[in-house]
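Student: I would like to learn how the words used for a structure follow from the values behind them. Could we take them one at a time?

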Amino acid sequence: MDYDDYYEACAKIRAKNREYLELFKQDLIENGLKDSTIRRHLSNVNFYINDFLLYEEPLTMEACMEKIAFLR
């Protein structure tokens, strides 16, 4: 995979991840967490799905979950 393909795949994944983060945020709000706790959780999840998982190859959150399930 060349850089342009990698960049395009990551951009698509990040766009989908924005939807996941918004759903996660709404769930945290509905469960009554404090704003500071919500920000911290969102920051941690954002780093994991938009930086860590995309560092070496464009991995979607779903693909990573499948890998984790396989390791069990």
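Student: In which helix is Tyr-48 found?

Tutor: Tyr-48 is found in helix H2, and please keep in mind as we go on that this is a predicted model.

Student: Why is Tyr-48 called partly exposed?

Tutor: Its relative accessibility is 33%, and because buried means under 20% and exposed means over 50%, with partly exposed in between, Tyr-48 counts as partly exposed.

Student: What makes Tyr-48 and Phe-52 an aromatic pair that is stacked?

Tutor: Rings pair if their centres lie within 6.5 Å, and planes under 30 degrees apart count as stacked. For Tyr-48 and Phe-52 the values are 5.5 Å centre to centre and 20 degrees between the planes, so both conditions are met and the pair is called stacked.

Student: How many aromatic pairs are there by this rule, and which residues do ring pairs link into a cluster?

Tutor: The count comes to 3 aromatic pairs, and ring pairs join Tyr-3, Tyr-6 and Tyr-7 into a cluster.

Student: Why are Tyr-48 and Phe-52 separated by about one helical turn?

Tutor: Both belong to helix H2, which covers residues 35-52, and because they are 4 residues apart there, about one helical turn separates them. Together with Phe-47, Tyr-48 and Phe-52 also make a nonpolar surface patch of about 320 Å².

Student: Where in the protein is confidence lowest, and where is it highest?

Tutor: Confidence is lowest in helix H3 (residues 61-71), at a mean pLDDT of 70, and highest in helix H1 (residues 3-30), at 96. The protein averages a pLDDT of 90, with 92% of the residues scoring at least 70.

Notes. Residues are numbered from 1 along each chain as its sequence is written. This is a predicted model: local features need pLDDT of at least 70, side-chain atom pairs count only at pLDDT 80 or more; totals for chains, interfaces and linings use all residues. Side-chain values use heavy atoms; hydrogens and water are left out. Rings of Phe, Tyr and Trp (its six-membered ring) pair if their centres lie within 6.5 Å; planes under 30 degrees apart count as stacked, over 60 as edge-to-face and the rest as tilted. Helices (H or I, at least four residues) and strands (E, at least two) are DSSP runs, numbered from the N terminus. Buried means under 20% relative accessible area, exposed over 50%, partly exposed in between (1.4 Å probe, protein chains only). Patches are made of residues with over 30% relative accessible area and no salt bridge: like charges are joined within 9 Å, nonpolar side chains (Val, Leu, Ile, Met, Phe, Trp, Tyr) within 5 Å. Accessible areas come from the Shrake-Rupley method with a 1.4 Å probe; for residues, only the protein chains shown count as cover. A salt bridge is a side-chain nitrogen of Lys or Arg within 4 Å of a carboxyl oxygen of Asp or Glu. pLDDT is the predictor's confidence in each residue, from 0 to 100.
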